[in-house]
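These are my notes from a session spent looking through one structure. I wrote down each thing I looked up in the order I came to it.

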Amino acid sequence: MALPMIEVREIGKEYRIGQFVRYRALRDTITDGVKRLLHPASLLRQEKDTNSFWALRNISFDVNEGEVLGIIGHNGAGKSTLLKLLTRIMAPTEGSAILRGRVGSLLEVGTGFHPELTGRENVYLNGAILGLTKSEITAKFDEIVEFSGVGKFLETPVKRYSSGMQMRLAFAVAAFLEPEIMLVDEVLSVGDTAFRKKSLKKMQGVANNGRTVIFVSHNMAAIRNLCDRVILLEKGKVLRIGKPDEIINDYVNAGQEEAEPLSKREDRKGNQKLCVRDFGVLNSSREISQALISGEAGAIFVDLERLDLVASGPIRVSVILDTLFGQRVASFSTEWTMQDIMDSVTPKFRMVCNFDRLGVNTGHYTVTVNVMLNGENSDWIMNAGTIFVEQGDFFESGVAPGPQDGLILHQQNWSVEPFKGGGGCPFELHTR
């Protein structure tokens, strides 16, 4: 049986907080060794008193040849630290990692680039680090330059490149020089939309060619499409390893439970004259609920607070639903109904969107809330939370569609009618 390409056993990384650690000389190592022999108890007490932080602890997993492993988790979970341990940028405090093959990594913008060297020189430098000969690099050079789109600036030192240019060239080098193992962190978010799509397509090709990939990302659509398995990290530990859809659902649910209240969210846009304080759903009995039911009546509400008591004018409120993978599902907005909602005289009030039958299929959906006041953006919160839609009898037939049957449900009625065609297929057929 073939050995795994990546083998991680009980790996951990500890940091000491608030301490300056100087470079150690040979005499320091010898002195510490003598102290351990002569005064082991006092040294143990000293180590226990040290304020330390474990960024990772007891991490174990294998990655087989040709497998794409995704790593997800909230900020600070230890994702980037794990990749730095695998690439030997940092040494683990405990445990070990074995990588069987040539490793190409893309961890941070400009990683592995010498700022004083030109783009051309850095391509050859990175190739040499990967163990390739000059002729092997030259054979791939034109493809690398074409993919990166920096050919015009190839003779310019990379210190003058923008972060996007550095990232494009670094990704092209890592992808086209064909290491057996690729380690990719969430750096694709630096590029523009067109390049991100092109990069993800290239990574799909890399995976299909049998190379082993570890991919860290917050892009759940990319994780779902590229990965065979996914690891969910939380506070430096592995919560679960499994199929992408299952792990992504766990990740979203955990994030919802630990999410900050909207009143404390600072990653919002707008002049904040009228702010979103909360949102939620009402069931068919007009009670606050944890979920909506597909095919039944309900409502979505948004609680608002006016911080500028002078500002006034018409209000527009929008609630947007996306899948966990970033696909737009539905928008609820006063704009679509052409309703001019005038500013309330009270500082706090609730806006409610009512619907008779919810035409959205079962699943978890992320919510974005936007509020306009007098034609100006007042508050915009991306990923304000999630809404769960339970499976319901949308067609009133006793047969409920599942998630595999699509996101949107349409009322329909089938009938049999006489065929009135002139014979033959009404569509033009093309045969080879």
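I began with disulfides in this predicted model, and the count came to zero. To be counted, a pair of cysteine sulfur atoms would have to lie within 2.5 Å. I then looked up two cysteines individually: cysteine 227 counts as buried because its relative accessibility is 7%, and cysteine 275 counts as buried because its relative accessibility is 2%, the cut-off for buried being under 20%.

Next I turned to the nonpolar cores. The largest of them has 48 residues, and I noted Ile72, Ile144 and Phe215 as those with the most contacts inside it. When I asked which element supplies the largest share of this core, I found helix α6, residues 163-176, with 10 residues. There is also a second, separate core of 31 residues, and among its members I wrote down Ile300, Met351, Leu358 and Val360.

I then traced a sheet. Four strands form it, in the order β11-β10-β13-β17, and I recorded it as open, with antiparallel pairing. Its edge strands are β11 (288-289) and β17 (348-355), each of which pairs on one side only. Looking further at one edge, I saw that β10, residues 274-282, pairs with β11 in the antiparallel sense over two bridges, and that leucine 282 stands opposite isoleucine 288, which belongs to β11.

My next entry is asparagine 370, which I located in strand β18, residues 363-373. Is asparagine 370 buried or exposed? I entered asparagine 370 as buried, because its relative accessibility is 2%, against a cut-off of under 20%. Its side chain reaches the backbone oxygen of aspartate 379 at 3.2 Å. Setting aside residues up to four places away in sequence, I listed what asparagine 370 touches: Arg316, Val317, Ser318, Asn377, Asp379 and Trp380.

Last, I looked up threonine 118, which sits in the loop between β5 (103-106) and α4 (119-129). Although it is placed in a loop, threonine 118 counts as buried because its relative accessibility is 12%. Which residues is threonine 118 in contact with, once neighbours within four places in sequence are left aside? I found Leu154, Glu155, Thr156, Pro157 and Val158. I also noted lysine 159, which is 41 residues from threonine 118 in sequence but 8.5 Å from it in space, taken C-alpha to C-alpha.

Technical notes: Residues are numbered from 1 along each chain as its sequence is written. This is a predicted model: local features need pLDDT of at least 70, side-chain atom pairs count only at pLDDT 80 or more; totals for chains, interfaces and linings use all residues. Side-chain values use heavy atoms; hydrogens and water are left out. A nonpolar core is a set of buried Ala, Val, Leu, Ile, Met, Phe, Trp, Tyr and Cys residues joined through side-chain atoms within 4.5 Å. Buried means under 20% relative accessible area, exposed over 50%, partly exposed in between (1.4 Å probe, protein chains only). A polar contact is a pair of N or O atoms within 3.5 Å; within protein, one must be able to donate a hydrogen and the other to accept it, and residues adjacent in sequence count only if both atoms are side-chain atoms. Contact means heavy atoms within 4.5 Å. Two strands pair if DSSP finds at least two bridges between them.
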